[in-house]
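Here is a short briefing for a first look at this structure. Keep the view open while reading and find each residue as it comes up.

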Amino acid sequence: MTPKLTLAIILLTWSTAAYAQESQPAQQLTPATTPGQAATTLALDPAEFAKEAAAANAFEILSSEVALRRGQSPEVKAFAQTMINDHRRAQMDLQNAAKSDNVSLPEDLSMEQKQTLLALEQAEVSQFDSAYLSAQMKAHDQAIQLLGSYSADGPPGGLKTYATAHYPALRTHMVRAQSLTSP
């Protein structure tokens, strides 16, 4: 598969995900939604949760570093800087929580995250901002589900406290990303 075809497929996937989210924002982003209500999957064990949360933070940081280099809009670049700052802080909090729960914290990205980073690096300049914001909405939706599920059903400890504490910031990031896609 050529890089341009791969990029087209990824962009189509992102736009479909973005459209689906736009058509159902009240369900996912109502102020009354709590972490427990966001849980749609069974809670992971602490090690798996830590691995996925670490990868989510790492992806947010790396993709936002790409946005600082390649982004066109000052608003997108400002959002990217906020993502870097917030997710670096979250990653440090996650490291402390994992340590308190005696869980190792690998920071490997998933294959999907690696492919998305590659697609962002190769995106046409004119399409970069919308591709980045779509990737942010998808990543934050996944992270909201992950932290919501773990805060509701995970075992007590530092990781559960982390999930509960960082859940609201993820929702704020999602709202901000959505607002940038529809000015």
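Ser63 is buried, because its relative accessible area is 0%, below the 20% cut-off for burial. This residue sits in helix α4. The model is a predicted one.

**Around Ser63**

- Which residues does Ser63 touch, leaving aside its neighbours within four places in sequence? The contacts of Ser63 are Leu117, Leu120, Tyr132 and Gln136.
- Two of these partners, Leu117 and Leu120, are among the buried residues of α6.
- Another partner, Tyr132, is buried as well.

**The chain as a whole**

- The chain has eight helices and zero strands.
- Read from the N terminus, the order of elements is α-α-α-α-α-α-α-α.
- There are 183 residues, and 43% of them count as buried.
- Take the contacts between residues at least 6 apart in sequence: 82% of them join residues at least 24 apart.
- About 9,300 Å² of the chain is exposed, and carbon and sulfur atoms supply 59% of that area.

**The largest nonpolar core**

- This core holds 40 residues.
- Phe49, Tyr132, Leu147, Leu159 and Tyr162 touch the most other members.
- Five elements give two or more residues each: α4 (46-70), α5 (74-100), α6 (111-122), α7 (125-153) and α8 (158-181).
- Which helix gives the largest share? That is α7, with 12 residues.
- Phe49 touches Leu44, Leu94, Leu146, Leu147, Tyr150, Leu159, Tyr162 and Ala163, with residues up to four places away in sequence not counted.
- Three of the core members that touch the most others are therefore also partners of Phe49: Leu147, Leu159 and Tyr162.

**Aromatic pairs**

- The structure holds four aromatic pairs.
- Phe79 and Tyr132 form an edge-to-face pair, with 6.2 Å from centre to centre and 70 degrees between the planes.
- That pair links distant parts of the chain, since Phe79 is in helix α5 and Tyr132 in helix α7, 53 residues apart.
- Both Phe79 and Tyr132 are buried.
- Tyr132 also pairs with Phe128: the ring centres are 6.0 Å apart and the planes meet at 10 degrees, so this pair is stacked.
- Phe128 and Tyr132 are four residues apart in helix α7, which means that about one helical turn separates them.
- Phe128 is buried, as is Tyr132.
- Elsewhere, ring pairs join Phe49, Tyr150 and Tyr162 into a cluster.

**Helix α6**

- The 12 residues of α6 should span 16 Å at 1.5 Å a residue. The C-alpha atoms at its ends are 17 Å apart, which agrees.
- The buried residues of α6 are Gln113, Thr116, Leu117, Ala119 and Leu120.
- Where do these residues lie around the axis? They cover an arc of only 160 degrees, so they are on the same side of α6.

**The loop between α5 and α6**

- Leu109 is placed in this loop.
- Is Leu109 buried or exposed? Leu109 is buried, because its relative accessible area is 15%, under the 20% limit.
- Leu109 touches Ala55, Ala58, Phe59, Leu62, Lys114 and Leu117, not counting residues up to four places away in sequence.
- Leu109 and Ala56 are 53 residues apart along the chain, yet 7.7 Å separates their C-alpha atoms.
- Asn102 lies in the loop between α5 and α6 too.
- Asn102 counts as exposed, because its relative accessibility is 74%, over the 50% limit.
- Asn102 is not a glycine, but it has a positive phi of about 55 degrees.

**Ile144 in helix α7**

- Ile144 is found in helix α7.
- Ile144 is buried, with a relative accessible area of 5%.
- Ile144 and Leu170 are 26 residues apart along the chain, and their C-alpha atoms are separated by 6.2 Å.

Note on methods. Residues numbered from 1 in each chain as written. Predicted model: local features only at pLDDT ≥ 70, side-chain atom pairs only at ≥ 80, totals over all residues. Heavy atoms only, no water. Core = buried A, V, L, I, M, F, W, Y, C linked by side-chain atoms within 4.5 Å. Buried < 20%, exposed > 50% of the residue type's maximum accessible area, 1.4 Å probe, protein only. Contact = heavy atoms within 4.5 Å. Expected span 1.5 Å × (residues − 1). Arc of directions from axis to C-beta. Phe/Tyr/Trp six-rings, centres within 6.5 Å; stacked < 30°, edge-to-face > 60°. Areas by Shrake-Rupley, 256 points an atom, 1.4 Å probe, with all protein chains shown as cover.
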